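Visitor: I would like to look closely at a single part of this structure, rather than at the whole of it at once. Please choose one part and walk me through it slowly.

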Amino acid sequence: MRLPVLLTLAMVVGSANPLRAGAAASSSASDVHPVSAAQFKTYDSRAEQRLLELTNLERQRVGAPVLQLDPGLSTVARQHAAAMAVRGELSHQFDGEAPLQDRLAKSALHLDRAGENVAFDVDIDGAHHGLMHSPHHRENLLRPDYNVVGLAVARVGDRLYVVEDFGHSVPMYEPRTAEDLVSAAIVQTRAKARGQLRRVAISSLREAACSMASQDKLNAKLVTGVSPLRYVLTYTSMQADQLAPAAAKAINDNNLRSYAVGACFAHTTTYPNGAYFVTVAFY
């Protein structure tokens with residue numbers, strides 16, 4: 001007789017800002033016991049593929065887009081699955097281990113939101129069944145804004161330690177393209193005001209944006225040397241085409257005539273998965 005799901009944990013992190021820890025659901029099991037590193041032998045690639053198939057079948061049933069398996073995320077997931085298997089317990093972060101957002105930053109993707117499920121069972125179909133019947137895990141599995149996933153199944157004897165790392169991957173743009181996307185957002189926001197603004201090129205704004213990125217800190221004083229200015233806007237965004245919430249008031253000022261944009265993408269301590277540092281000067 002197959003044993004029931006013994007233990008699962010769910011985590012959701014992220015928004016348009018740096019990935020941050022969110023709500024988690026957990027339970028415990030009395031028969032979970034530690035195992036030594038020597039007992040951990042391998043990952044079960046067939047079970048990982050089966051998990052992908054089961055997950056995408058569930059998503060298709062509810063009209064959510066299928067997830068693309070990402071090798072980088074799977075590597076991150078496998079490292080965490082091994083940590084769970086060696087310890088014989090489930091967790092989203094062990095002592096001495098980096099938090100989820102920092103682990104995910106090791107992949108080549110730019111993620112603006114992410115989530116993680118971990119589970120423990122004796123077969124992969126049972127693990128998936130248990131996850132689908134838990135509200136927090138089901139939410140991660142079926143979120144329509146996730147488009148990539150990393151999967152890991154670490155086997156110790158007849159026990160499987162499962163990690164599912166979900167994410168929403170967005171493009172990473174070089175500065176010129178990012179600046180064009182910022183400009184397009186400004187034009188769209190300005191549509192309700194009287195007259196469009198003329199875009200001008202000021203190279204020092206990109207230098208200011210990259211300087212802020214290197215310091216991991218916003219600093220409007222870096223662009224005060226450009227004149228005559230009416231407003232200076234500095235902000236960070238996970239997506240280049242998303243303006244800061246406070247930008248609309250400045251953009252719709254009918255006294256403005258022109259603007260310039262500088263942008264720089266960087267991975268920083270505050271934004272381990274990367275963010276755009278943006279400067280906008282209005283004249």
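**A close look at one strand**

Guide: Let us start at Thr279 in strand 11, a residue that has Gly262 standing opposite it. Please keep in mind, as we go, that this is a predicted model. The pair we began with leads us to strand 10, which covers residues 258-266 and is joined to strand 11 by 8 bridges, with the two strands running antiparallel. If you now turn to strand 9, residues 231-237, you will find that this strand also runs antiparallel to strand 11, and that 7 bridges join the two. A pair to look for here is Thr236, which stands opposite Phe277 in strand 11.

With these partners in view, we can turn to the side chains. Following strand 11 along its residues, you can see that Ala275, Phe277, Thr279 and Ala281 point one way, while Tyr276, Val278, Val280 and Phe282 point the other way. Whichever of these two ways a residue of the strand points, it is buried, and to be called buried a residue must have under 20% relative accessible area. Strand 11 spans residues 275-282, and because 8 of its 8 residues are buried, the strand is largely enclosed by the rest of the structure. As you turn the model, then, you might trace strand 11 with strand 9 and strand 10 as its antiparallel partners, and then look at the residues pointing each way from it.

Note on methods
Residues are numbered from 1 along each chain as its sequence is written. This is a predicted model: local features need pLDDT of at least 70, side-chain atom pairs count only at pLDDT 80 or more; totals for chains, interfaces and linings use all residues. Side-chain values use heavy atoms; hydrogens and water are left out. Buried means under 20% relative accessible area, exposed over 50%, partly exposed in between (1.4 Å probe, protein chains only). Helices (H or I, at least four residues) and strands (E, at least two) are DSSP runs, numbered from the N terminus. Two strands pair if DSSP finds at least two bridges between them.
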